[in-house]
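Reader: I would like a close look at a single part of this model, the sheet and what lies around it, set out slowly enough that I can follow each step with the coordinates open beside me.

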Amino acid sequence: MSTSATWTEMESPIGPLRIWSDGQAVIALGFSPFRDPVAESRRDDEDPVGLRARVQLEQYFAGERRDFDLPLAPAGTDFRRRVWAALRDIPYGRTTSYGRIAASLGMPPGASRAVGAANGANPIAIVVPCHRVIGSDGTLTGYAGGLERKRVLLDLERAVTVPALF
C-alpha cells in the first residue's frame with residue numbers, strides 16, 4: 001500500500017471506525033483498537049473518498065443503504081481478492097457459510113478453511129461484508145471486530161429486511 005494513505009474516523013453503533021484511503025479508493029476499514037494497515041498514514045477528514053465512505057456508512061447504520069458504491073482497493077493475494085469479491089455478492093440481511101463460498105468459487109468442500117482465513121484477512125470490514133459469513137451449523141463464528149459487533153451488524157440488517165435464510 002502507498003505511504004500517501006490518509007484516514008478518517010467516525011462514530012457508529014459498533015464503536016469508532018477508521019477508514020483508510022489512498023486518495024482514489026478505500027484501502028481499509030477497521031474497528032477500534034486500530035491497527036494501521038500502512039507504514040505511514042495521516043488523518044485527513046476532508047479526503048473525498050473517506051467522506052463518501054463515511055456518508056454511506058452513516059446511511060447503512062440508519063437502515064437507508066443496503067449496498068455500498070465505493071471504489072475499493074484492498075491489498076491481498078489473488079485468492080483473497082476472489083473471496084472478498086464473493087463476500088460482496090452475499091445479499092444484505094442474508095448469511096452464508098465458508099463452505100458455500102468455497103463451492104461458489106469452484107473449490108472442494110475442504111477449502112472452507114482457506115476461505116475462512118481469507119475472510120478473516122478482509123481489510124475492508126462492513127463494506128466487504130465478512131460479517132455475513134457464519135458457521136455451517138448456523139452459529140456465529142470468528143470476526144475480527146468481535147462476535148458482539150458481528151451480532152449487532154446482522155441484527156441491524158435483519159431488522160431492516162426479511163429474516164436471513166441459511
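Author: What follows goes through the sheet strand by strand and then turns to the helix, the pocket and a few residues elsewhere in the chain. Please keep in mind throughout that this is a predicted model.

The sheet is an open one, built from four strands in the order β3-β2-β1-β4, and its pairing is mixed. Because β3, covering residues 26–31, and β4, covering residues 41–43, stand at the edges and each have a single partner strand, one side of each is left without a neighbour in the sheet. If direction is ignored, neighbouring strands of this sheet are turned by 25° against each other on average.

Consider β1 and β2 to begin with. Strand β1 takes in residues 5–10 and strand β2 residues 17–21; the two run antiparallel and are joined by five bridges. Within this pairing, threonine 8 has isoleucine 19 of β2 as its bridge partner. The hairpin that links β1 and β2 has six residues between the strands, and in this hairpin glycine 15 takes a positive phi near 100°.

On to the pairing of β2 with β3, which is likewise described by five bridges between strands that run antiparallel. Here isoleucine 19 stands opposite leucine 29 in β3, so that isoleucine 19 can be used as a reference point, given that it is also the bridge partner of threonine 8. The hairpin of β2 and β3 has four residues between the strands, and glycine 23 in it takes a positive phi near 95°.As a general matter, side chains in a regular strand alternate between the two faces of the sheet. In β2, both faces are covered, with Leu17, Ile19 and Ser21 buried on one side and Arg18 and Trp20 buried on the other. Strand β2 is thus mostly covered, five of its five residues being buried, and β3 is also mostly covered, with six of its six residues buried.

Part of the surroundings of the sheet is helix α1, residues 48–61, which packs on the sheet and touches β1, β2 and β3, its direction making about 145° with that of β2. Glutamine 56 lies in this helix. With a relative accessible area of 5%, which is under the 20% limit, glutamine 56 is buried. Leaving out residues up to four places away in sequence, glutamine 56 touches Arg65, Phe68, Asp69 and Leu70.

Strand β3 also has a part in the largest pocket, which holds about 550 Å³ of space. This pocket is lined by 30 residues, and those closest to its centre are Arg35, Gly120, Asn122, Pro123 and Ala144. The elements that give two or more residues to the lining are β3, α2 (78–87), α4 and α5 (147–160), and β3 gives the most, with four residues.

Beyond the sheet, arginine 132 deserves a look, placed in the loop between α4 (112–120) and β6 (133–134). Arginine 132 counts as buried at 4% relative accessibility, and its side chain reaches the backbone oxygen of isoleucine 90 at 2.8 Å. When residues up to four places away in sequence are not counted, the residues that arginine 132 touches include Arg66, Ile90, Tyr92, Leu154 and Glu157.

Two residues in other loops can be set beside these buried ones. Glycine 142, in the loop between β6 and α5, is exposed, with a relative accessible area of 53%. Apart from its neighbours within four places in sequence, glycine 142 is in contact with Tyr98, Leu147 and Lys150, and its C-alpha is 9.0 Å from that of histidine 131, the two residues being 11 apart in sequence. Proline 109, found in the loop between α3 (98–104) and α4, is exposed as well, with a relative accessible area of 73%. Between the C-alpha atoms of proline 109 and glutamate 148, which are 39 residues apart along the chain, the separation is 28 Å.

Methods: Residues are numbered from 1 along each chain as its sequence is written. This is a predicted model: local features need pLDDT of at least 70, side-chain atom pairs count only at pLDDT 80 or more; totals for chains, interfaces and linings use all residues. Side-chain values use heavy atoms; hydrogens and water are left out. Two strands pair if DSSP finds at least two bridges between them. Axes are lines fitted to C-alpha atoms, for helices over the stretch in contact, and angles run from 0 to 180 degrees between N-to-C directions. Contact means heavy atoms within 4.5 Å. Buried means under 20% relative accessible area, exposed over 50%, partly exposed in between (1.4 Å probe, protein chains only). A polar contact is a pair of N or O atoms within 3.5 Å; within protein, one must be able to donate a hydrogen and the other to accept it, and residues adjacent in sequence count only if both atoms are side-chain atoms. On a 1 Å grid over the protein atoms alone, a cavity is a set of points where a 1.4 Å probe fits but cannot get out, and a pocket is an open set with protein on both sides within 12 Å along at least five of seven lines; lining residues have an atom within 4 Å of a point. Grid points are joined across faces, edges and corners, and a volume is the space filled by probe spheres set on the points.
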